[in-house]
Amino acid sequence: MDNNRQKGILYIVVPCFNEEEALETSAEKLLEKLYELKANGVVCEESRIVFVDDGSKDRTWEIIKALYESHEEIKGLRFAHNRGHQNAILAGMMYAVKYCDFTITIDADLQQDVNAMERFIGAYMEGSEIVYGVRNSRDTDGFFKKLSATIFYKSMKLMDCNIYENSADYRLMSRKALEALSEYGEVNLFLRGIIPDIGLKSSVVHFEVFPRMQGESKYSLSKMFTLAVDGITSFSIKPIRMVFMMGILALMVGFFMIIHIIYEHYFGYTVSGWSSILMSIWVLGGAVLLSLGIIGEYVGRNYLETKHRPRYYFWEILSRDENVIDTKDQ
């Protein structure tokens, strides 16, 4: 194991979706950080920043093109359609692996502390193949987001999913780790669960999270819910086992309800039994619908996986290394 690494080529991967309000400011800060890392001899001169436009509907791609034209350190990737945050991160890393020694992924709003990058790189130099960014606190989140995040991480632990609590998609991955990640072919991506499953030497860096300065978060409640469902169904079959246990419990409740109904029938309490019947219908009906929903999630995901469709298409690639500007929808 190499514990005495020399400085290498860093690619900073930045997924973007409708980030026209924050992108220019974020790019300026990232360029400043990259220049600082180069000047201090931490990374090589060939290090770059890759912006991945996840099918934005605003001026995000125009801004990326302008940044590309004015800064040789900038590259741009544009999806033909919106494919989601996880696919945007993966696409940037899989593109970067051809050129870099390691990548750092960070969100375009730069709520994550860019000054933590030195510590990420320091852990990499000491031999870690993966360095996970874990937020120090959730003080910048509202009550509902804090509560939902706590429930999510506790649920993932309950489902035996290998995930770091309060981790983010702010992480470093070496070329070795990226090549290992490329072997994972599932369509339903949950990188926070997949990457720990790789099993290479890793470490953790804690960082501060700042309030968003421009625009609004593009990670809506529905997107967070989808990510949570993808995470649970991608890494655990416990929900299906829970359905089986719910079925057994429902049968036991039904058995006691039969005894209760017979008792009421023989003692003349038939009117009061009306509430018991309604309760049974609602409880069992709810259990059946919930069970069908859970099983349906797994069936639907298997359906998507068996089609073997590509995760994404690039509409445009801005890169001086390849001298490619491809505007054809693939």
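**Figure 1. Glu73 is a buried residue in this predicted model.** Its relative accessible area is 8%, so it falls under the 20% limit for a buried residue. Glu73 forms a salt bridge with Lys38, and the closest N and O atoms are 4.0 Å apart. The pair links distant parts of the chain. Glu73 lies in the loop between H2 and S3, Lys38 lies in helix H1, and 35 residues separate them. Lys38 is buried too, with a relative accessible area of 10%.

**Figure 2. Glu118 and Lys33 join helix H4 to helix H1.** Their side chains meet in a salt bridge at 2.9 Å, N to O. This pair also links distant parts of the chain, with the partners 85 residues apart. Lys33 counts as buried because its relative accessibility is 2%. Glu118, at 27% relative accessibility, counts as partly exposed. Side chains of opposite charge can pair when their charged atoms come close. Lys33, Glu36 and Glu118 belong to one network, joined by salt bridges that share partners.

**Figure 3. Helix H1 has a buried side.** H1 covers residues 23-39. Its 17 residues should span 24 Å at 1.5 Å a residue, and its end C-alpha atoms are 24 Å apart, so the two values agree. Buried in H1 are Leu23, Ser26, Ala27, Leu30, Leu31, Lys33, Leu34, Leu37 and Lys38. These residues cover an arc of only 165° around the axis, which puts them on the same side of H1. An α-helix has 3.6 residues a turn, so residues three or four places apart point the same way.

**Figure 4. The two faces of H1 and the residue that follows the helix.** The buried residues of H1 pack against three strands: S1 (10-16), S2 (48-53) and S3 (74-79). They also pack against helix H2 (60-70) and H4. The face turned away from the buried side carries the exposed residues Glu24, Glu28, Glu32 and Ala39. Gly41 follows H1 and has a positive phi, near 70°.

**Figure 5. Ser128 sits in a loop and is buried.** The loop runs between helix H4 (117-125) and strand S5 (130-135). Ser128 counts as buried because its relative accessible area is 4%. Its side chain makes a polar contact with the side chain of Ser203 at 3.0 Å. Leaving aside residues up to four places away in sequence, Ser128 touches Arg5, Ala123, Lys201, Ser202 and Ser203.

**Figure 6. Arg171 and Asp169 form a salt bridge.** Their side chains meet at 2.8 Å, N to O. Both residues are buried. The structure holds 9 salt bridges.

**Figure 7. The whole chain, as context for the close-ups.** The chain has 10 helices and 8 strands. Of its 330 residues, 46% are buried. Among contacts with a separation of 6 or more, 79% join residues 24 or more positions apart. The chain exposes about 17500 Å², and carbon and sulfur atoms supply 60% of that area.

Technical notes: Residues numbered from 1 in each chain as written. Predicted model: local features only at pLDDT ≥ 70, side-chain atom pairs only at ≥ 80, totals over all residues. Heavy atoms only, no water. Helix = DSSP H or I, 4+ residues; strand = E, 2+ residues; numbered from the N terminus. Buried < 20%, exposed > 50% of the residue type's maximum accessible area, 1.4 Å probe, protein only. Polar contact = N/O pair within 3.5 Å; in protein donor to acceptor, adjacent residues only side chain to side chain. Contact = heavy atoms within 4.5 Å. Areas by Shrake-Rupley, 256 points an atom, 1.4 Å probe, with all protein chains shown as cover. Expected span 1.5 Å × (residues − 1). Arc of directions from axis to C-beta.
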